[in-house]
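Work through the exercises below with the sequence and the 3D structure side by side. Each one sets a task and then solves it step by step.

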Amino acid sequence: MSEMAIALDRLSAGYGGEDVIHDLSLQVGSGELIAVLGPNGSGKSTLLKVLLGLLKPTSGSALLWGDEPRVANRHVGYIPQHRDFDADLPIRGRELVELGISGMHYGIPWSKKATRVQVDRAIEQVGARGYADAPVGMLSGGEQQRLRIAQALIGNPNILLCDEPLLALDLKRQQEITGVINHFRTDHDTAVLFVTHEINPILPYVDRVLYLVNGRAAIGEPHEVLTTERLTDLYGIPVDVHDHNGRIMVIAGEEGTSGLTGHHHDHQHEERPWA
């Protein structure tokens with residue numbers, strides 16, 4: 001295809017007449033993984049809502065393979081934030097995955113056999129076969145998130161939108177989940193927009209970083225964006241960026257308020273404004 005997977009041209013979007021994204025331009029090609037970083041309220045979730053067709057831009061444009069975003073686009077997979085299911089939820093893992101078909105299908109319904117084949121394939125892709133028939137509420141957080149990913153991948157999407165899929169997972173589970181997403185991305189040449197506060201687990205796979213702060217954006221390769229000079233300019237206050245044993249650490253604020261992109265520490269409320 002000649003179009004970019006995602007093309008944003010001077011995009012602005014927000015709520016109640018107040019934009020949180022201002023004049024954002026970005027092109028994402030097939031197979032490219034973009035990490036979307038920034039403090040809470042900087043527009044990360046707003047951007048995903050625009051691309052999911054849930055929010056109209058106030059100005060500028062957003063195109064997915066040359067078309068405007070629309071709700072329930074089968075070419076777009078969506079992985080939500082991890083939240084534990086209720087322990088007594090009466091749904092099996094494979095039934096959750098099947099919602100990726102039944103919840104979005106248009107036209108002639110798939111046969112039961114075709115649906116089963118697609119569900120089994122998606123479950124196999126994320127390595128969840130061993131617990132796919134168990135009640136989802138009885139599974140671990142990492143197992144539940146693998147099934148959410150399978151649900152997002154079931155239609156072999158051309159674009160994958162990830163909304164903090166590593167939230168509340170330990171480091172081992174984060175590494176497992178990022179590995180699953182990257183494996184699908186490379187196998188299917190899928191464009192990935194990965195919103196996260198946890199940059200370090202996906203840093204080996206990231207092509208570029210989109211960093212949003214106060215309506216402004218920095219875009220480039222990680223070594224170009226995650227620097228003291230670039231983030232100081234973006235935030236408008238002193239920021240220090242350190243590489244600590246291969247983990248990126250961002251320290252900002254006159255009183256030493258700190259945050260680590262990709263590492264939880266004891267004062268998580270201090271981390272989130274900066275990572």
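Helices, as the word is used here, are DSSP runs (H or I) of at least four residues, and they are numbered from the N terminus. The model is a predicted one.

**Exercise 1. Describe helix α1, its burial and what follows it.**

Solution. Begin with the position of the helix: α1 covers residues 44-51 and lies across β1, β2 and β4, running at about 115° to β1. Next, consider burial, for which a residue must have under 20% relative accessible area. By this criterion 6 of the 8 residues of α1 are buried, so the helix is largely enclosed by the rest of the structure. The buried residues are Lys 44, Thr 46, Leu 47, Leu 48, Val 50 and Leu 51. Finally, look just after α1, where Gly 53 takes a positive phi of about 80°.

**Exercise 2. Work out the strand order of the sheet of 3 strands, and find its edges.**

Solution. The strands of this open sheet follow the order β2-β1-β4, and their pairing is antiparallel. β2 (18-28) and β4 (59-64) each have a single partner strand and stand at the edges, so one side of each is left without a neighbour in the sheet. From one strand to the next, the twist averages 30°. To examine one pairing in detail, take β1 (residues 6-15) and β2, which run antiparallel and are joined by 7 bridges. Within this pair, Gly 14 stands opposite Asp 19 in β2.

**Exercise 3. Do the same for the sheet of 6 strands, then place the helices that lie across some of its strands.**

Solution. This sheet is also open, with the order β5-β6-β7-β3-β8-β9, and its pairing is mixed. Its edges are β5 and β9 (216-220), each with a single partner strand, so one side of each is left without a neighbour in the sheet. Neighbouring strands are turned by 15° against each other on average, direction ignored. As for the helices, α4 lies across β5 and β6 and runs at about 165° to β5, whereas α8 (residues 228-235) lies across β8 (208-213) and β9 and runs at about 160° to β9.

**Exercise 4. Characterise strand β6 by its partners and its burial.**

Solution. On one hand, β6 (residues 159-163) is joined to β5 (residues 76-79) by 4 bridges, and the two strands run parallel. On the other hand, β6 pairs with β7 (residues 191-195) over 5 bridges, again in the parallel sense. Ile 159 appears in both pairings, as the bridge partner of Val 76 and as that of Ala 191 in β7. Turning to burial, 5 of the 5 residues of β6 are buried. In a regular strand the side chains alternate between the two faces of the sheet. In β6, Ile 159, Leu 161 and Asp 163 lie on one side and Leu 160 and Cys 162 on the other, and both faces are covered.

**Exercise 5. Analyse how α4 and α5 meet.**

Solution. Two packed helices are described by the angle between their axes and the distance between the axes. Here the axes of α4 (residues 141-153) and α5 (residues 171-188) come within 10 Å and cross at roughly 15°. Angles under 35 degrees count as roughly parallel, and α4 and α5 are therefore roughly parallel to each other. Their crossing is right-handed. In the contact, α4 contributes Gly 142, Gln 145, Arg 146, Ile 149 and Leu 153, while α5 contributes Arg 173, Glu 176, Ile 177, Val 180, Ile 181 and Phe 184. Sorted by kind, the contact residues comprise 6 nonpolar, 2 polar and 3 charged.

**Exercise 6. Determine the surroundings of Arg 185.**

Solution. Arg 185 is found in helix α5. Its relative accessible area is 7%, and the residue is buried. Leaving aside its neighbours within four places in sequence, Arg 185 is in contact with Gly 31, Glu 32, Leu 33, Thr 190, Val 192, Tyr 205 and Asp 207.

**Exercise 7. Set these details within the protein chain.**

Solution. The protein chain has 9 helices and 12 strands, and of its 275 residues 48% count as buried. Among contacts between residues at least 6 apart in sequence, 64% join residues at least 24 apart.

Note on methods: Residues numbered from 1 in each chain as written. Predicted model: local features only at pLDDT ≥ 70, side-chain atom pairs only at ≥ 80, totals over all residues. Heavy atoms only, no water. Axes fitted to C-alpha atoms, helices over the stretch in contact; angles between N-to-C directions. Parallel < 35°, antiparallel > 145°, perpendicular 65-115°, else oblique. Left-handed = near helix turned anticlockwise from the far one by under 90°. Contact = heavy atoms within 4.5 Å. Nonpolar A, V, L, I, M, F, W, Y, C, P; charged D, E, K, R; others polar. Buried < 20%, exposed > 50% of the residue type's maximum accessible area, 1.4 Å probe, protein only. Pairing = 2+ DSSP bridges.
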